[in-house]
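Trainee: Could you walk me through this model, one place at a time?
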There are 2 protein chains.
Amino acid sequence: MLGARCLFRALRFCSSVPCPRHKPSSKLSVRDALRSQNTSGERVKVQGWIRSVRSQKEVLFLHVNDGSSLESLQVVTDSSFDSKELVFGSSVEVQGQLVKSPSKRQNVELKAEKIEVIGNCDAKAFPIKYKERHPLEYLRKYPHLRCRTNVLGSILRIRSEATAAIHSFFKPSSKIKVPEENFFNVPAFLTVSGQLHLEVMSGAFTQVFTFGPTFRAENSQSRRHLAEFYMVEAEICFAENLQNLMQVIEDLFKATTMIILSNCPEDVELCHKFIAPGHKDRLEHMLKNNFLIISYMEAIEILKKASQNFTFTPEVWGVDLQTEHEKYLVKHCGNIPVFVTNYPLALKPFYMRDNEDGPQHTVAAVDLLVPVVGELFGGSLREERYHILEQRLARLGLTEVYQWYLDLRRFGSVPHGGFGMGFERYLQCILGIDNIKDVIPFPRFTHSCIL
Amino acid sequence: MLGARCLFRALRFCSSVPCPRHKPSSKLSVRDALRSQNTSGERVKVQGWIRSVRSQKEVLFLHVNDGSSLESLQVVTDSSFDSKELVFGSSVEVQGQLVKSPSKRQNVELKAEKIEVIGNCDAKAFPIKYKERHPLEYLRKYPHLRCRTNVLGSILRIRSEATAAIHSFFKPSSKIKVPEENFFNVPAFLTVSGQLHLEVMSGAFTQVFTFGPTFRAENSQSRRHLAEFYMVEAEICFAENLQNLMQVIEDLFKATTMIILSNCPEDVELCHKFIAPGHKDRLEHMLKNNFLIISYMEAIEILKKASQNFTFTPEVWGVDLQTEHEKYLVKHCGNIPVFVTNYPLALKPFYMRDNEDGPQHTVAAVDLLVPVVGELFGGSLREERYHILEQRLARLGLTEVYQWYLDLRRFGSVPHGGFGMGFERYLQCILGIDNIKDVIPFPRFTHSCIL
């Protein structure tokens with residue numbers, strides 16, 4: 001390292017005096033710097049936050065992260081650069097040369113010629129401590145700062161990637177060749193949230209989707225409920241049976257997950273390694289098997305025979321499934337996601353399609369139950385037959401309020417169906433994260449709206 | 001046409017009896033059918049709504065549309081197929097052969113072998129009348145049905161394309177080669193709405209954006225305000241000056257518009273032809289010129305010298321610009337979008353960066369004014385200096401409420417800035433649409449929430 005040290009001194013001198021021989025440094029993200037093929041001394045500028053400082057006798061090592069990747073960029077410089085301001089959490093701008101690293105830990109490192117502290121960090125007051133692995137519950141108290149940790153950084157990058165993957169599933173960019181098996185091969189339409197409104201749109205566009213925030217005043221302190229969550233909803237015209245919907249749901253789950261695994265391998269690995277050990281295998285198991293299908297009636301039979309003691313006894317046909325039942329059913333099905341179909345009409349909203357199947361009257365509804373969270377998707381065929389819908393609305397005294405909805409069946413009605421997926425629950429399911437508050441930037445729930 | 005007629009009869013017979021020789025028809029969208037290269041009699045199935053019916057002596061022509069494109073697919077069949085149910089607005093499923101059309105009006109037509117009416121349309125009650133060009137104000141009364149018209153169909157397809165283009169501007173798919181000039185070359189992050197929350201995220205990720213619904217209880221009946229609108233917001237770390245922000249704003253406007261013009265030419269043409277004649281040239285003029293930059297002070301000088309009579313006299317420095325002023329300034333600048341910079345501190349929120357420029361105290365704010373709507377973007381550098389921010393919050397009595405926001409400046413603060421763009425106003429601006437209620441699926445505004 002002696003040669004390197006001498007070089008540092010020479011460069012340091014250079015950096016303190018304007019150095020007209022040099023081209024201006026090009027600005028690089030940490031991610032791009034780490035992936036750079038050009039390590040023959042390209043002059044670059046990197047900006048970010050210090051994640052670690054290690055001072056040796058003559059050399060100073062910093063790790064700088066800017067959120068573009070889990071891995072930080074190693075910055076190497078003369079120890080005389082060291083200062084009290086170069087601490088964990090402070091923001092810096094580093095200029096220097098990108099070179100091949102002599103260490104096996106990384107391919108590339110940045111030989112600093114100039115390090116400028118942009119913003120100091122009051123380390124004593126900073127709730128995130130150097131080299132400490134804080135529990136997720138602790139970090140939840142600092143919604144404005146927790147994104148500075150490795151684990152939240154990873155979760156939020158995965159969330160961003162999942163968002164993009166869902167958009168591209170429904171609306172492949174025209175620049176990308178659409179895979180044959182992609183269901184949504186006509187332009188899908190992004191609209192405001194709400195299934196009934198999607199149905200309006202599906203009266204003119206045959207496949208529509210929406211993805212946005214949804215608000216529910218649920219008075220629940222559970223680990224799978226929020227007052228504000230994100231929902232993906234799709235509505236498909238000319239859907240003839242639940243099988244059509246289940247195919248899209250299974251494709252959406254698997255295609256989105258494959259894109260995330262392929263584009264964010266390090267971030268997913270961090271979650272699977274430190275938060276949910278063993279979950280990698282469980283996820284692979286979900287992806288390689290066909291999802292199962294059972295009817296609500298079969299589900300009740302399975303629950304009745306269960307040796308487990310439930311808080312809510314599932315012995316009555318016509319009672320809704322509780323989270324404990326959902327989780328039992330998934331386990332019973334070998335931890336493979338399972339569709340439960342044909343629920344009692346009395347349990348479900350007026351718009352679900354009547355199966356007209358005799359005494360145990362059901363509707364063409366479907367839920368997908370998955371490991372970790374239980375219910376992930378809910379959907380149904382919609383009642384497209386004017387007279388049946390009219391009768392049901394009349395019985396509920398809702399005819400007037402929903403005249404516009406009845407209109408959709410008067411003017412060129414089509415069989416159709418759709419579903420919704422809770423986006424945060426999806427992230428919980430693939431990452432194995434127990435609490436929904438850890439997969440959304442700013443969780444809002446009952447009696448809590450910190451930010 | 002005689003040969004064709006005989007063929008129809010033969011085929012009709014075939015369709016009424018199961019016909020095992022035929023492969024099952026593959027389902028195609030109207031858009032894909034119109035673009036099909038395979039017109040040597042490929043057997044297909046198309047589903048949609050009837051847009052026109054023309055019955056000749058021996059041949060029946062239908063136009064079927066499914067929302068996937070402005071153009072409908074011509075269906076040709078034996079006039080004996082005609083029935084009272086085949087009317088404007090009803091939904092149908094048509095099976096037949098895709099062939100080259102003998103007419104010059106279209107490349108492809110569908111020789112029907114089987115036409116099934118899926119849902120009837122009560123033409124008398126249907127508020128949308130055959131061959132009538134309804135005014136936009138009339139259609140606004142039927143938010144649940146207006147998407148069945150050509151014009152709303154076009155606007156909503158453009159809206160969908162614009163949404164995708166904005167996402168791809170900020171977060172290019174990893175499958176697409178990122179153009180060199182793309183500013184957001186690190187993974188951008190989609191989060192909940194709200195600039196202050198974006199600033200939290202920009203404390204860990206250097207470039208972040210969000211795109212979603214925003215709610216304002218503005219008691220305004222104007223043609224450019226809604227109670228619920230969509231907003232694109234971005235926050236950029238290490239932004240050094242307003243020039244950095246203005247460059248991203250201009251790139252975003254131009255890149256998004258170019259993608260829309262390239263991907264939806266027919267839909268845009270419809271708007272420019274029937275709703276806003278002359279707007280095509282105005283838009284080209286905006287795209288080919290560099291946006292202009294004037295300061296707030298220069299803007300006031302221009303307004304003072306104006307010969308126009310304003311409702312609000314703009315003679316006092318320190319007064320906010322009104323819509324009439326914004327529109328005048330754009331016209332004064334030759335209908336080129338114009339950035340107005342450095343507004344009086346007293347007019348702007350506490351988080352905007354103090355220019356510390358003496359008696360006429362300004363902040364580093366910027367608005368972009370454009371034809372049709374006036375203000376389209378608003379942004380600023382943010383006050384990243386702890387002590388200045390603390391003083392301003394103290395003066396407003398807000399220190400306690402915004403302690404979390406101050407924290408962001410205590411722990412590795414960086415210079416940063418950002419902006420927001422009203423998505424509906426953007427659509428108004430590029431399409432020349434006068435009323436904001438026509439560019440959103442379900443407009444919600446003061447005293448009106450029909451759906």
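Trainee: Where is the place of K131(A)?
Mentor: K131(A) is in the loop of chain A between strand 6 (108-119) and helix 3; helices (H or I, at least four residues) and strands (E, at least two) are DSSP runs, numbered from the N terminus. Before we go on, keep in mind that this is a predicted model, in which local features need pLDDT of at least 70 and side-chain atom pairs count only at pLDDT 80 or more, while totals for chains, interfaces and linings use all residues. Residues are numbered from 1 along each chain as its sequence is written, chains are lettered from A and ligands numbered from 1 in the order in which they are written, and side-chain values use heavy atoms, with hydrogens and water left out.

Trainee: OK, and is K131(A) buried or exposed?
Mentor: K131(A) counts as exposed because its relative accessibility is 73%, where exposed means over 50% relative accessible area, buried under 20% and partly exposed in between (1.4 Å probe, protein chains only). Its backbone deserves a look as well, for K131(A) has a positive phi of about 65 degrees although it is not a glycine.

Trainee: Which residue in chain B, other than glycine, has a positive phi near 60 degrees?
Mentor: That is F238(B), and you will find F238(B) in the loop between strand 8 and helix 6 (242-263) of chain B. F238(B) counts as buried, because its relative accessibility is 4%.

Trainee: What comes before that loop, I mean, which strand is joined to strand 8 of chain B?
Mentor: Strand 8 (residues 228-237) is joined by nine bridges to strand 7 of chain B, and the two run antiparallel; strands are said to pair if DSSP finds at least two bridges between them. To see one bridge for yourself, start at F211(B) and look across to its partner V232(B) in strand 8. Strand 7 (residues 207-215) of chain B is mostly covered, with eight of its nine residues buried.

Trainee: And what about L226(B), where does that lie?
Mentor: L226(B) lies in the loop between strand 7 and strand 8 of chain B, and it is called buried because its relative accessible area is 3%. If you want a sense of the distances, the C-alpha atoms of L226(B) and N107(B) are separated by 42 Å, while the two residues are 119 places apart along the chain.

Trainee: New topic, then: what turn lays chain B on chain A?
Mentor: A turn of 180 degrees with a shift of 0.0 Å along the axis does it, giving an RMSD of 0.0 Å, so this is the relation of a two-fold axis. In chain B, the C-alpha nearest that axis belongs to G212(B), at 3.4 Å from it. The superposition is by least squares on the C-alpha atoms of residues with pLDDT of at least 70 in both copies. The same surface serves both copies, since 100% of the contact residues of chain B recur in chain A, and contact here means heavy atoms within 4.5 Å.

Trainee: Which residues does R157(B) touch, leaving aside its close neighbours in sequence?
Mentor: Once neighbours within four places in sequence are set aside, R157(B) is in contact with F205(A), and also with G67(B), S68(B), S69(B), L70(B), C264(B) and D267(B). R157(B) has its place in helix 4 (residues 150-170) of chain B, and it is buried because its relative accessible area is 9%.

Trainee: And L287(A), which helix is that in?
Mentor: L287(A) is in helix 8 (residues 279-288) of chain A, and with a relative accessible area of 15% it is buried. Apart from neighbours within four places in sequence, L287(A) is in contact with F253(A), K254(A), T257(A), M258(A) and L261(A).

Trainee: Last one: how many residues of helix 12 of chain B are buried?
Mentor: Six of the eight residues of helix 12 (403-410) are buried, namely W404(B), Y405(B), L406(B), D407(B), L408(B) and R409(B). What covers them includes helix 5 (195-201), helix 11 (386-396) and strand 13 (416-422) of chain B. Just after helix 12, G412(B) takes a positive phi of about 80 degrees.

Trainee: And for chain A as a whole, what percentage is buried?
Mentor: Of its 451 residues, 60% count as buried, and chain A has 13 helices and 13 strands.
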